[in-house]
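I open these notes as a newcomer to this structure. My entries below record what I looked up and what I found.

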Amino acid sequence: MANDLLQTVQQNLGYLPLRKIEANNRGSVFDEDKSQEELSNQAVLPAVLTALCKYCLTEKGAEAILRANLFTDWTSFIFGYHKDEVIKTIAEFSHHTTADIIKKIRVVTEESIRVIRKRVPVNGSIKQVRKVLTDSLDDVLLHLPIHMEIGELKGNSPDNSPRKMKEPASSLTDAKARLF
């Protein structure tokens with residue numbers, strides 16, 4: 001169940017299935033005509049889940065995901081100082097306005113947190129929140145478009161370069177190993 005976090009959020013929101021980005025085809029997968037909606041879904045869902053995974057690595061972040069008000073300004077928390085750059089990058093990639101992307105990020109983040117909370121027992125721990133997110137990380141990263149370079153925007157987050165696809169989330173994978 002934990003490995004389908006991205007698909008569960010995608011289905012709950014009524015979005016079309018996302019495309020996996022193959023290592024040998026990462027640069028050309030979106031050369032075909034795609035709707036703005038498909039492009040924004042492909043960008044926002046994995047970006048939000050990747051950012052939530054990184055955010056949960058801090059005690060404060062995992063605690064917030066577990067207990068904070070669902071309608072918090074999550075965009076500022078999960079993307080931090082890179083918020084504006086991430087929003088702009090997604091907007092350019094998907095040919096949307098930044099206002100549209102901000103709304104979509106908010107909706108996707110709130111639904112993602114709802115799903116995560118459903119997967120953690122009522123008196124769940126920070127460790128359980130981290131496990132839900134880190135168990136889904138490899139799958140999430142396979143859907144993140146290289147065009148967006150979110151890994152670069154987030155500092156220590158995933159390395160999306162095709163030559164490193166065997167280890168798609170080098171720093172997050174290392175942190176994942178240390179958590180358990």
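**Cysteines**

I began with the disulfides, and the structure holds zero of them. The model is a predicted one, and I keep that in mind for every entry. I then asked which cysteine sulfur is nearest to that of C53. The sulfur of C56 is the nearest, 4.8 Å away, and C53 is in no disulfide. C56 is likewise in no disulfide, its nearest cysteine sulfur being that of C53. A disulfide requires two cysteine sulfur atoms within 2.5 Å. I also looked up the accessibility of both residues. C53 has a relative accessible area of 1% and is therefore buried. C56 is buried too, with a relative accessible area of 0%.

**The nonpolar core**

I next turned to the largest nonpolar core, which has 45 residues. Which residues have the most contacts inside it? I noted L52, I65 and L133. Seven helices, α1 (5-12), α2, α3 (59-67), α4 (74-79), α5, α6 and α7, each supply at least two residues of the core. Its largest share, eleven residues, comes from α2. As background, I recorded that nonpolar side chains tend to be buried together in soluble globular proteins.

I followed L52 further. Apart from its neighbours within four places in sequence, L52 is in contact with I65, I78, T109, S112, I113, I116 and L133.

I also looked up A43, which lies in helix α2, spanning residues 36-55. A43 counts as buried because its relative accessibility is 0%. I noted that the C-alpha atoms of A43 and A91 are separated by 9.1 Å, while the two residues are 48 residues apart along the chain.

**Helix α1 and its packing**

I asked which residues of α1 are buried. They are L5, L6, T8, V9 and Q10. The elements that cover these buried residues include α2, α6 and α7.

I then examined the pair α1 and α7. Their axes are 8 Å apart, and the helices pack at an angle of about 85 degrees. An angle from 65 to 115 degrees counts as roughly perpendicular, so α1 is roughly perpendicular to α7. On the α1 side, L5, L6 and Q7 take part in the contact; on the α7 side, V132, L133, S136, D139 and V140 do. I classed the residues of this contact as five nonpolar, two polar and one charged.

**Backbone angles**

Two residues with positive phi caught my attention. G14, just after α1, takes a positive phi of about 75 degrees. H95 has a positive phi of about 60 degrees, although H95 is not a glycine. For context, most residues other than glycine have a negative phi. Where does H95 lie? I found H95 in the loop between α5 (83-94) and α6 (98-119). Is H95 buried or exposed? H95 is exposed, because its relative accessible area is 54%, and exposure requires over 50%.

**A buried histidine in a loop**

My last entry concerns H143, found in the loop between α7 (126-141) and α8 (150-153). With 2% relative accessibility, H143 counts as buried. I asked which residues H143 touches, not counting residues up to four places away in sequence. The list is L6, Q7, L18, R19, K20, I21, Q42 and P46. Of these, L6 and Q7 also appear in the contact of α1 with α7.

Notes. Residues are numbered from 1 along each chain as its sequence is written. This is a predicted model: local features need pLDDT of at least 70, side-chain atom pairs count only at pLDDT 80 or more; totals for chains, interfaces and linings use all residues. Side-chain values use heavy atoms; hydrogens and water are left out. Helices (H or I, at least four residues) and strands (E, at least two) are DSSP runs, numbered from the N terminus. Buried means under 20% relative accessible area, exposed over 50%, partly exposed in between (1.4 Å probe, protein chains only). Contact means heavy atoms within 4.5 Å. A nonpolar core is a set of buried Ala, Val, Leu, Ile, Met, Phe, Trp, Tyr and Cys residues joined through side-chain atoms within 4.5 Å. Axes are lines fitted to C-alpha atoms, for helices over the stretch in contact, and angles run from 0 to 180 degrees between N-to-C directions. Angles under 35 degrees count as roughly parallel, over 145 as roughly antiparallel, 65 to 115 as roughly perpendicular and the rest as oblique. Ala, Val, Leu, Ile, Met, Phe, Trp, Tyr, Cys and Pro count as nonpolar, Asp, Glu, Lys and Arg as charged, and the others, Gly among them, as polar.
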